[in-house]
Amino acid sequence: MASLAEPSVALSDGLAVALERVAALHPECDLANPGTPSATVAVLRHRRAALDYLVLADSPVVFEGIGGDHAVITDLRVDEVLPELRTEVESHETHTPGHREALQRLVLAQRQVRNTPDGYWVAGTNPEAARHCLTGSAKLSDVRSAAVMSDGVSRLVTEYGMATWGEVFATLRTDGPRGLIETVRKTEATDPTGRRWPRYKSGDDATVAYCRW
């Protein structure tokens with residue numbers, strides 16, 4: 001937050017500084033280990049008459065236009081990595097030995113290509129990841145509202161196909177982020193083992209920030 005507070009600082013530069021600062025707090029850790037914790041990043045910053053955005057990996061920023069259209073900024077490069085192993089995971093129902101074993105193979109393989117030119121990029125210990133974000137700006141006058149969310153929420157639209165972005169924003173306006181997350185959880189509860197919607201786990205972390213102007 002502190003590294004992005006200055007409007008003149010590019011979001012990617014601020015993220016790079018933040019990654020360096022966090023890594024420096026853990027000198028006792030083996031930060032070169034492929035299993036070091038990492039995370040997706042989605043940032044929305046209000047700067048005068050503009051809305052700056054940054055996305056790293058698959059947590060999207062979604063704009064609702066004045067006319068009701070929607071623009072989705074997301075980074076799906078991870079979906080292009082190791083497709084055979086991803087298909088193997090999704091061939092099993094969740095909570096089964098076959099699913100757990102296939103998922104473990106995928107996770108171990110992903111660690112080897114994470115934050116490399118041949119793989120995909122997420123926020124970890126290497127500030128170079130910040131150079132691979134999707135960044136840009138939108139005119140504030142063109143935006144009615146915006147949502148920043150984890151893919152555990154966006155999958156209601158992108159993977160389950162159980163809502164449109166228009167319906168997502170209608171829920172946010174009437175019931176707020178809590179209402180939207182409850183909708184996601186109720187949807188997932190109808191398919192607890194991933195037979196209808198093959199996936200890594202029954203439900204993923206769900207976070208939403210909703211902004212209106």
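How many residues apart are Asp151 and Arg155 in helix α4, and what separation along the helix is that? Keep the question in mind; the tour ends there. The model on screen is predicted.

**Stop 1: the three-stranded sheet**

Select β1 (41-47) and β5 (134-139), then add β2 (residues 50-56). Together they form an open sheet of 3 strands, ordered β1-β2-β5 and paired antiparallel. β1 and β5 stand at the edges with a single partner strand each, so one side of each has no neighbour in the sheet. From one strand to the next, the twist averages 15°.

Now show helix α1 (residues 11-24). It packs on this sheet and touches β1 and β2. The direction of α1 makes about 50° with that of β2.

Zoom in on the pairing of β2 with β5. The two run antiparallel and are joined by 6 bridges. Pick Ala50: Lys139 in β5 stands opposite.

Next, select Asp52 and Arg45. They form a salt bridge, with the closest N and O atoms 3.3 Å apart. Are these partners buried or exposed? Asp52 is buried, at a relative accessible area of 4%. Arg45 is buried too, at 12%.

**Stop 2: the four-stranded sheet**

Move to the open sheet of 4 strands, with the order β4-β3-β6-β7 and antiparallel pairing. Its edge strands are β4 (70-73) and β7, each pairing on one side only. Here the twist averages 15° from one strand to the next.

Select β6 (residues 143-149). Of its 7 residues, 6 are buried, so the rest of the structure largely encloses this strand. Follow its two pairings:

- Strand β3 (residues 61-65) runs antiparallel to β6, with 5 bridges between them. Val62 stands opposite Ala147.
- Strand β7 (residues 208-212) also pairs with β6 in the antiparallel sense, over 5 bridges. Ser145 stands opposite Arg212, and Met149 has Val208 as its bridge partner.

Then turn on α5. This helix packs on the sheet and touches β3, β4, β6 and β7. Its direction makes about 115° with that of β7.

**Stop 3: two packed helices**

Keep helix α5 (residues 165-189) and add helix α4 (residues 151-158). They pack at an angle of about 100°, and their axes are 10 Å apart. That makes α4 roughly perpendicular to α5.

Colour the contact residues. The α4 side includes Val153, Leu156 and Val157; the α5 side includes Trp165, Val168, Leu180 and Ile181. By class, the contact has 8 nonpolar, 5 polar and 2 charged residues.

**Stop 4: the salt bridges around Arg155**

A search of the whole structure finds 14 salt bridges. Select Asp151 and Arg155 for one of them: the closest N and O atoms are 3.3 Å apart. The opening question can now be answered. Asp151 and Arg155 are 4 residues apart in helix α4, so about one helical turn separates them. Both are buried.

Add Asp204. Its side chain meets that of Arg155 in a salt bridge, at 3.6 Å from N to O. This pair links distant parts of the chain: Asp204 lies in the loop between α5 and β7, Arg155 in helix α4, 49 residues apart. Asp204 is buried, with a relative accessible area of 16%. For Arg155 the value is 6%, also buried.

Finish by adding Lys201. Salt bridges with shared partners join Asp151, Arg155, Lys201 and Asp204 into one network.

Methods: Residues numbered from 1 in each chain as written. Predicted model: local features only at pLDDT ≥ 70, side-chain atom pairs only at ≥ 80, totals over all residues. Heavy atoms only, no water. Pairing = 2+ DSSP bridges. Axes fitted to C-alpha atoms, helices over the stretch in contact; angles between N-to-C directions. Contact = heavy atoms within 4.5 Å. Buried < 20%, exposed > 50% of the residue type's maximum accessible area, 1.4 Å probe, protein only. Parallel < 35°, antiparallel > 145°, perpendicular 65-115°, else oblique. Nonpolar A, V, L, I, M, F, W, Y, C, P; charged D, E, K, R; others polar. Salt bridge = Lys/Arg side-chain N within 4 Å of Asp/Glu carboxyl O.
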